[in-house]
Amino acid sequence: MQRPFKYLLTLVLLAFATGPMLLSASAASGGKNGTLRWRPGKIRIAVSSSLLKQTSNLKSDSDVLGALQRSLLTWERAANISFESASSETQNVSPSGNNGDGVSLITIAQTPENLLLFAKNPDETAATTRVFFDKMGFITEADIVLNPYQQFSTDGNFGSFDLESTLTHEIGHLLGLDHSAVLGSTMFENYGKNGVYGLQNFAPRTLSEIDISSVRARYGAPASNNKCCGAINGKLLANNGKAAANTAVWAENIKTGKVHAETFSNSDGKFEFSGLSSGVYKLFAQMPGTSTKAFSLNHVGDVAVSRGNTAALTKTLGGKPNDFELQYVGFNGQLSGLAVPVNTGKAYTIYLGGKNLDSKNISFRFGSSFLSITPNSIISHDFGADLSVVSFELRVDPKAPIGEYSIFADSAAGGIGAVVGAIAVRGFLNPLSTIDIGDN
Ligand SMILES: [Zn+2]
């Protein structure tokens with residue numbers, strides 16, 4: 001039955017962004033956080049007593065300590081990092097400045113200093129992390145403040161933030177990581193409450209390959225890992241021979257199609273991926289949009305990465321601007337900027353929103369053999385003049401590995417585009433599937 005999607009689809013884009021990582025005053029001159037990292041050795045975390053006692057912000061019976069320990073362990077498993085945590089009576093974030101108090105605190109206390117961090121966006125921010133570092137770029141302290149205006153839970157309660165997901169994201173900032181542009185990654189800039197797409201937001205609890213390569217680029221892999229790490233250095237040129245700056249470039253594993261890294265080229269057109277495991281990666285580049293400077297998706301090349309080595313490539317990009325634009329991903333009546341979590345062996349109706357998307361002129365595909373589209377399932381939906389929306393039925397192979405996958409789109413006019421990491425295969429349940437494919 002064709003439902004009146006015009007009334008069912010709601011836009012939840014950007015509704016629940018996490019706060020940016022706040023850098024201390026000495027960072028102001030340094031601009032982006034670049035390669036901030038901790039010195040080797042244990043990273044000591046003080047857990048404020050505000051998290052350990054009954055408070056109105058934490059749903060009662062929440063497994064607070066379990067959520068905290070699991071989120072620390074998630075990063076310890078990914079890279080050569082080790083944490084040591086202890087409880088503390090400290091409640092306040094250190095004031096901004098060159099030096100903090102030397103204690104890396106996780107707090108939810110409703111003190112004036114902590115509340116001040118969220119004064120501008122009390123409803124849209126889950127947490128924020130203030131990072132202090134020395135002139136060498138070594139982090140000396142990082143304080144995580146959970147927004148005391150918000151509700152947190154560990155059982156997926158709709159309308160609240162998932163505590164473990166929030167902590168896992170913020171611990172990424174504590175480790176010096178910036179936001180990622182890959183939709184399904186833990187460090188993606190947008191972050192949903194439980195209830196977006198009618199689902200629990202457990203996805204950020206699991207690190208994506210891009211989170212793992214980002215943290216390994218700074219700290220290396222755990223000692224037991226013998227496949228990491230290698231790197232790719234590249235340069236992108238426009239077809240006039242000049243540097244292709246500010247272009248999104250990403251790497252997908254050739255065997256699985258999973259997204260392992262994404263970055264933007266600098267003003268010289270250069271980019272670097274490091275922290276990659278050995279393997280062959282397909283590199284793509286695109287400059288989204290329909291302006292004359294934008295261009296369709298390019299296949300940059302296939303690059304073999306091996307441990308301890310840096311592969312190099314230069315590519316001249318071709319193509320004209322796309323005749324369409326992919327802006328939103330959608331599921332279950334909502335369009336958003338968040339990846340859709342799906343399960344193996346199931347099919348789901350996925351929406352894409354943007355400009356000039358029309359079922360008659362556009363087709364979709366994946367860079368992974370584990371994902372496919374049910375033939376003849378692409379449908380256009382009337383969503384007014386400013387936004388075009390299409391849907392299709394996605395089929396997820398029973399053997400698809402956990403991870404993030406891109407959706408590629410081709411137009412009849414020859415345009416190519418992609419939404420990087422839009423589909424996230426997850427272990428936790430998304431029960432809103434259309435059919436069960438079953439095991440094969
Ligand atoms: Zn963040």
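His173 is buried in this predicted model, and its relative accessible area comes out at 0%. His179 is another story: its relative accessibility is 26%, so it counts as partly exposed, since the cut-off for buried is under 20%. What do these two histidines have to do with the zinc ion? Both coordinate it through NE2, and His169 does so too, at 2.1 Å. If you want to find the donors along the chain, look for the spacing H-x3-H-x5-H.

Now for the nonpolar side chains. As a general point, nonpolar side chains in soluble globular proteins tend to be buried together. Here the largest nonpolar core has 40 residues, and Trp75, Phe83, Leu174, Leu175 and Val215 are the ones with the most contacts inside it. Several elements chip in with at least two residues each: strands E3 (43–48), E6 (127–133) and E7 (139–146), along with helices H3 (64–78), H5 (163–174) and H6 (209–219). H3 gives the most, with six residues.

Trp75 is a handy place to start clicking around. Setting aside neighbours within four places in sequence, Trp75 is in contact with residues including Ile81, Phe83, Thr168, Ile171, Gly172, Leu175 and Val215. Met187, Leu207 and Asp211 are also among the contacts of Trp75. Beyond this core there is a second, separate one of 36 residues, which includes Phe188, Ala339, Phe370 and Val425.

Finally, the domains. The assignment splits the protein chain into domain 1 (21–178), domain 2 (227–316) and domain 3 (325–436). Taken over C-alpha atoms, the centres of domain 1 and domain 2 are separated by 32 Å.

Definitions and conventions
Residues numbered from 1 in each chain as written. Predicted model: local features only at pLDDT ≥ 70, side-chain atom pairs only at ≥ 80, totals over all residues. Heavy atoms only, no water. Core = buried A, V, L, I, M, F, W, Y, C linked by side-chain atoms within 4.5 Å. Buried < 20%, exposed > 50% of the residue type's maximum accessible area, 1.4 Å probe, protein only. Helix = DSSP H or I, 4+ residues; strand = E, 2+ residues; numbered from the N terminus. Contact = heavy atoms within 4.5 Å. Donors = N, O, S within 2.8 Å, 3.2 Å for Na, K, Ca; no water. Domains from an automatic or database assignment.
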